[in-house]
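Got your viewer open? Let's take a walk through this one together, one selection after another.

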Amino acid sequence: MSTPSQTVGPFLSIGLPWADGPTVVPEGTPGAIRIVGTVFDGAGQPVPDALIETWQADPDGHFDHPDDPSGPLRKEFRAFGRCPTDDDGNYWILTLLPGAIPGQAPHIDVSVFARGLLHRVVTRIYFADDPSDPVLSSVDPGRRRTLIAQPADDGYRFDIRLQGDNETVFFDV
Amino acid sequence: MYLRDAPGTHPPLDSPGYKSTKLRHPLQRPVLLPQKLTEITGPLLGEGRLGANDNDLTAQHAGEPQGQRIIVHGRLLDGNGRPVPNSLVEIWQANAGGRYNHVRDRWPSPVDPNFDGVGRTLTDAEGRYTFTTIKPGAYPWQNHDNAWRPAHIHFSVFGRSFTQRLVTQMYFPDDPLFDQDPIFNSVPDPKARARMISSFDWSRTVPNWALAYSFDIVLRGRDATPFEQEVDDE
Ligand SMILES: [Fe+2]
């Protein structure tokens, strides 16, 4: 009998952000990419009181977890990223590109928390539209592009639209 | 595989009584995501995340905060009744007067210079956690006419998988503000709602020092899968 979810509320930024939250790998790590994005509400306004969390495999497709028997693991790779949105709704993480894992294209799982979200919403960042990926191929082709990060200056851009036009695909996990 | 929670356990994202959901709830139905390696694993965050006095919110400044000192303790469990050991628990809360130490909280109740309202700890081998803190006050908000949030402490827990991640709020028994609170009442099942209310715990009060409340947090359980064996073997 699970404990119910509740919103993080407007003051999540006193409790949840960590100084090193956005850096899944330290600044200066060879091959590091910056993923940036903006969270928008249904009126197209940025959401300044959201928190993004990311979880991913390392570049070899391994997870830092006992339920992944494939190890070994990289040092200085936390696999988990966390960033509150700023006043303009922007977040960023610095990480390494995830590797493919058996049967799935490279991806990052994302949780979005915010004031006004009574339960997190979950999405995925992909880096290419790979029709062989079973999750991507389960999504309406017209909406699939909301899951594909767009190349940007020193990495990728992945905006999140909570509602309305071009609404991001969210998953029931 | 992690089991789905019973209908009515979690609030619908579209909860009109809580006005901020209006422009923030997705309109499209979520797409079913099969639980693969990314979902059954998750961050196992440890000691490196904790600083001194992170589990004692009354001892983070030179002086002591105002208010009723309380112990808040409980267990982090999965839906199979098993403890979740060595797992990060994060909390944040308002001070005794219901004011958050946050620039955007501007209601006319004073900030307490001796209270940040932020805590972290790790569960022990039996999944137990303990915080020492101050009983938070209720606070007004703009949701509806004369709206007040019941006193609560925000909790963030990870469990052992991406699937188990949970952010919730712990409430206090017999709060007269429950009836008018759309966030508390957004949980459809009254029995599930009751699981967010802590219990007064006489056995953990400290004479001449602190009252106590207990609050167990239950995360999604697993069904039998090949992964199950590994967990049992640990
Ligand atoms: Fe709150």
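How many helices and strands does chain A have? Select chain A and color by secondary structure: you should find one helix and 10 strands. Keep in mind that this is a predicted model.

**Stop 1: chain A as a whole**

Follow chain A along its sequence and the pattern reads α-β-β-β-β-β-β-β-β-β-β. The radius of gyration of chain A is 16 Å, close to the 16 Å that the globule rule gives for 173 residues, so chain A is as compact as a globular protein of that length. Turn on a bounding box along the principal axes, and the C-alpha atoms of chain A fill roughly 45 × 40 × 40 Å. Of its 173 residues, 51% count as buried. Look at the contacts in chain A with a separation of 6 or more: 68% of them come from residues 24 or more positions apart.

**Stop 2: strand S2 of chain A**

Now select residues 50-56 of chain A, which make up strand S2. Is this strand buried or exposed? Seven of its seven residues are buried, so S2(A) is largely enclosed by the rest of the structure. Show the side chains and check which way they point. A:Ala50, A:Ile52, A:Thr54 and A:Gln56 go one way, while A:Leu51, A:Glu53 and A:Trp55 go the other way, and all are buried.

Next, bring in the partners of S2(A). Strand S5(A) pairs with S2(A) in the antiparallel sense, over seven bridges. To see one of the matches, pick A:Leu51: its bridge partner in S5(A) is A:Phe113. S2(A) is also joined to strand S3 of chain A, residues 80-84, by five bridges, and these two strands run antiparallel. Here, click A:Thr54 and look for A:Gly81 opposite, in S3(A).

**Stop 3: where the chains meet**

Show chain B as well. The contact takes 53 residues from chain A and 62 residues from chain B. On the chain A side, helix H1 (12-15), strand S5 (107-114) and strand S10 (171-172) each supply at least two residues. Which of the elements gives the most to this side? That's S5(A), with five residues. Color the chain A side by class and you get 27 nonpolar, 18 polar and eight charged residues.

Stay here for some pairing across the chains. S10(A) is joined by two bridges to strand S1 of chain B, residues 31-32, and the two run parallel. Select A:Phe171 to find its bridge partner in S1(B), which is B:Val31.

**Stop 4: a sheet in chain B**

Hide chain A for now and look for an open sheet of four strands in chain B, in the order S4-S3-S8-S9 with antiparallel pairing. Strand S4 (118-122) and strand S9 (166-171) stand at the edges, each with a single partner strand, so one side of each is left without a neighbour in the sheet. From one strand to the next, the twist averages 20 degrees.

Then zoom in on S3(B), residues 88-93, and S8(B), residues 152-157: five bridges join them, and they run antiparallel. Pick B:Trp92 and you'll find its bridge partner, B:His154, in S8(B).

**Last stop: an annotated stretch**

Finally, select residues 72-100 of chain B. An unreviewed UniProt entry annotates this span as "domain: Intradiol ring-cleavage dioxygenases". Its end C-alpha atoms lie 19 Å apart, and the span is 0% helix and 45% strand.

Conventions:
Residues numbered from 1 in each chain as written. Chains lettered and ligands numbered in written order. Predicted model: local features only at pLDDT ≥ 70, side-chain atom pairs only at ≥ 80, totals over all residues. UniProt positions renumbered as here; feature names shortened; annotations may be inferred. Contact = placed C-beta atoms within 7 Å. Nonpolar A, V, L, I, M, F, W, Y, C, P; charged D, E, K, R; others polar. Pairing = 2+ DSSP bridges. Axes fitted to C-alpha atoms, helices over the stretch in contact; angles between N-to-C directions. Buried ≥ 20, exposed ≤ 12 C-beta atoms within 10 Å, placed from the backbone. Rg over C-alpha atoms; globule rule 2.2 N^0.38 Å.
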